[in-house]
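Visitor: I am new to this structure and would like to learn how to read it. Could we go through some features together?
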Amino acid sequence: MTEIITPRHLGTTGRVDFPQGFLWGAATAAFQIEGAAHTDGREDSVWDTFCRVPGAVLGGDDGEVACDHYHRYREDVALLADLNLDTYRFSSSWSRVQPGGGAVNQKGLDFYSRLVDELLAKDLLPWITLYHWDLPQAIEDQGGWTNRDTAYRFADYAVTMHEALGDRVGVWTTLNEPWCSAFLGYTAGAHAPGRQSRPDGLAAAHHLLLGHGLAIQALRERAPEANLGITLNFTVADPVDPQDAGDVDAARRIDGQFNRIFLDPVIKGEYPADVLADVAEHGFADHVRDGDLEIISSPIDALGVNYYHGELVSSRPASTSLDGSAPVERPTSSPYPAADGVFNHPRGLPVTDQNWEIQPEGLTRLLDRLQKDYTGPAGVPLYITENGCAFDDVVEADGSVDDQDRVEFFDAHLRAVKDSIDHGADVRGYFAWSLLDNFEWSWGYSKRFGVVRVDYETQERTVKASGRWFAQVASQNAVPARP
């Protein structure tokens, strides 16, 4: 078993102060909260279509109403302000702005303009993500992200958004978690559009990165002063036995096909040689044309880090299993294009209600590695753009939610972030996932991540104990001492 060294703040209970100017925020995604799925000209995204596939989403849930944020955004922005936050990370729906992937829908743009104005009126920094998985279905019908042309269409969409909001929005993220879009969507079939093809997932991965680079270039030309970046999700892959060659190779494969296949081209301008060798049989290199990597590695101003847990892997099956995927009826596949014979092993850690292990020390090691090997040499600041947990909250008789398990999760992970800052990592902000309970993709509405509870029947919002605690953290720029 890999030895895990507990960083110093994780073992303490005292107050932990963060650097002056550290940004505190909360994050959401358009499809998960907006609802109004066919209002004011919006048309189907791949997720609207996927939700109608029998057995693809638990309970047959969909995003038709979600949290009705489209109509309740003022109330939700007021919540952000009440939580003492500095910034709000939200995404725009490509299907709302360009229904069917076609002409610009002014009513869709107007919604985001109103949202931005409301944020600015409350002195909140708008932090926009252009793509959080909701590709217009009409573009998927033309090949989706397996079609190289989609990358260029995405850059055009980025320009459309900037023309509408660039006078008021200065922070732009191109993609959220392209690993999920490519490999959960096109290889595993667990996310929209639900394809199960290793070559398709790899093609999508490259074209997503190309779209990122093209959008960065287009936005940089329009707004040289803007803060431009991408958000990647990361794991920490450890071998069960660091002395076993099979286990070490298993960890290398997961690290390569989860982290480095996206991180290396963005920061270093190259795909890792070992990953290229792993996936060679699926024709990945055929998609990479001359000049692509120069586009993909266009300089960025921020790297968003999404972290939930790590992986302990081996070339041997585990004696006990811990499945953290949604127990849907529709069959799915492995998301990894070249990791057959790699097996996850439980670490024996506490878990969330999704069976995701709670591993805060992994976040410290991840940030340390990024700073040392990637963002430090490139001079790119880090932001934790998602970190959070699902627990089955209990609503008390008075309507309150005393989610101390979520408080403990945030406390431990924030201490882990501060450990990395103390080691020299340039981490400048933290966004809790999520502001609201919401549509949790293939889990439907069965899992709650919010620091604010949403009653899906009445749409009533209730700030949980974790929300009040996080408001105190943001106000004091410090994690308070534990009781």
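Visitor: Is Asn-84 buried, partly exposed or exposed?

Guide: The model here is a predicted one. Asn-84 counts as partly exposed because its relative accessibility is 35%, and buried would need a value under 20%. You will find Asn-84 in the loop between helix H3 (69-82) and strand E3 (87-91).

Visitor: What is the phi of Asn-84?

Guide: Here is the general idea: most residues other than glycine have a negative phi. Asn-84 has a positive phi, near 65°. Ala-36 also has a positive phi, near 45°. Ala-36 sits in the loop between helix H1 (30-33) and helix H2 (46-51). Ala-36 counts as buried, at 6% relative accessibility.

Visitor: Which peptide bonds should I look at?

Guide: In general, most peptide bonds are trans. In this model, the bond joining Ala-192 and Pro-193 is cis, with omega about 5°. Pro-193 belongs to the loop between H8 and helix H9 (198-222). Another cis bond runs from Trp-433 to Ser-434, where omega is near 10°. Look for Ser-434 in the loop between strand E12 (427-433) and strand E13 (452-454).

Visitor: Now the strands, please. In what order do the eight strands of the barrel come?

Guide: The general idea is that strands of a sheet pair through backbone hydrogen bonds, either parallel or antiparallel. The eight strands here close into a barrel with parallel pairing, and the order is E2-E3-E4-E5-E6-E8-E11-E12. From one strand to the next, the twist averages 25°.

Visitor: How many bridges join E4 to E5?

Guide: Strand E4 (residues 125-131) and strand E5 (residues 171-176) run parallel and are joined by four bridges. To find one pairing by eye, start at Tyr-131, whose bridge partner in E5 is Leu-175. You can then look at helix H5 (residues 106-121), which packs on the sheet and touches E3 and E4. The direction of H5 makes about 170° with that of E3.

Visitor: Which strands does H10 lie across?

Guide: H10 lies across strand E6 (227-234) and strand E8 (302-307), and runs at about 160° to E6.

Visitor: What is the order of the open sheet of three strands?

Guide: The order of that open sheet is E7-E9-E10, and its pairing is mixed. Strand E7 (237-239) and strand E10 (343-344) are the edge strands, each pairing on one side only. Three bridges link E7 with strand E9 (residues 311-314) in the parallel sense. Within this sheet, Asp-238 stands opposite Leu-312 in E9.

Visitor: How do I describe two helices that pack together?

Guide: Two packed helices are described by the angle between their axes and the distance between the axes. Take helix H8 (residues 178-188) and helix H10 (residues 245-268): their angle is about 130° and their axes are 10 Å apart. H8 and H10 are therefore oblique to each other. The crossing of H8 past H10 is right-handed. On the H8 side the contact is made by Pro-178, Trp-179, Ala-182 and Phe-183, and on the H10 side by Gln-257, Phe-258, Ile-261 and Phe-262. Seven of the contact residues are nonpolar, one is polar and none is charged.

Visitor: At what angle do H7 and H9 pack?

Guide: Helix H7 (residues 149-165) and H9 pack at about 35°, with 8 Å between their axes. H7 also passes H9 in a right-handed crossing. Among the residues making this contact are Phe-154 and Val-159 of H7, and Leu-210 and Arg-222 of H9. The contact divides into eleven nonpolar, four polar and two charged residues.

Visitor: Let us end with single residues in helices. Is His-413 buried or exposed?

Guide: His-413 is buried, with a relative accessible area of 0%. This residue lies in helix H15 (residues 404-423). Leaving aside residues up to four places away in sequence, His-413 touches Tyr-307, Ile-358, Gln-359, Pro-360, Leu-363 and Asn-387. Gly-246, found in helix H10, is partly exposed at 28% relative accessible area. The C-alpha atoms of Gly-246 and Ser-113 are separated by 53 Å, and the two residues are 133 residues apart along the chain.

Definitions and conventions: Residues are numbered from 1 along each chain as its sequence is written. This is a predicted model: local features need pLDDT of at least 70, side-chain atom pairs count only at pLDDT 80 or more; totals for chains, interfaces and linings use all residues. Side-chain values use heavy atoms; hydrogens and water are left out. Two strands pair if DSSP finds at least two bridges between them. Helices (H or I, at least four residues) and strands (E, at least two) are DSSP runs, numbered from the N terminus. Axes are lines fitted to C-alpha atoms, for helices over the stretch in contact, and angles run from 0 to 180 degrees between N-to-C directions. Angles under 35 degrees count as roughly parallel, over 145 as roughly antiparallel, 65 to 115 as roughly perpendicular and the rest as oblique. A crossing is left-handed if the near helix is turned anticlockwise from the far one by less than a right angle, and right-handed if clockwise. Contact means heavy atoms within 4.5 Å. Ala, Val, Leu, Ile, Met, Phe, Trp, Tyr, Cys and Pro count as nonpolar, Asp, Glu, Lys and Arg as charged, and the others, Gly among them, as polar. Buried means under 20% relative accessible area, exposed over 50%, partly exposed in between (1.4 Å probe, protein chains only).
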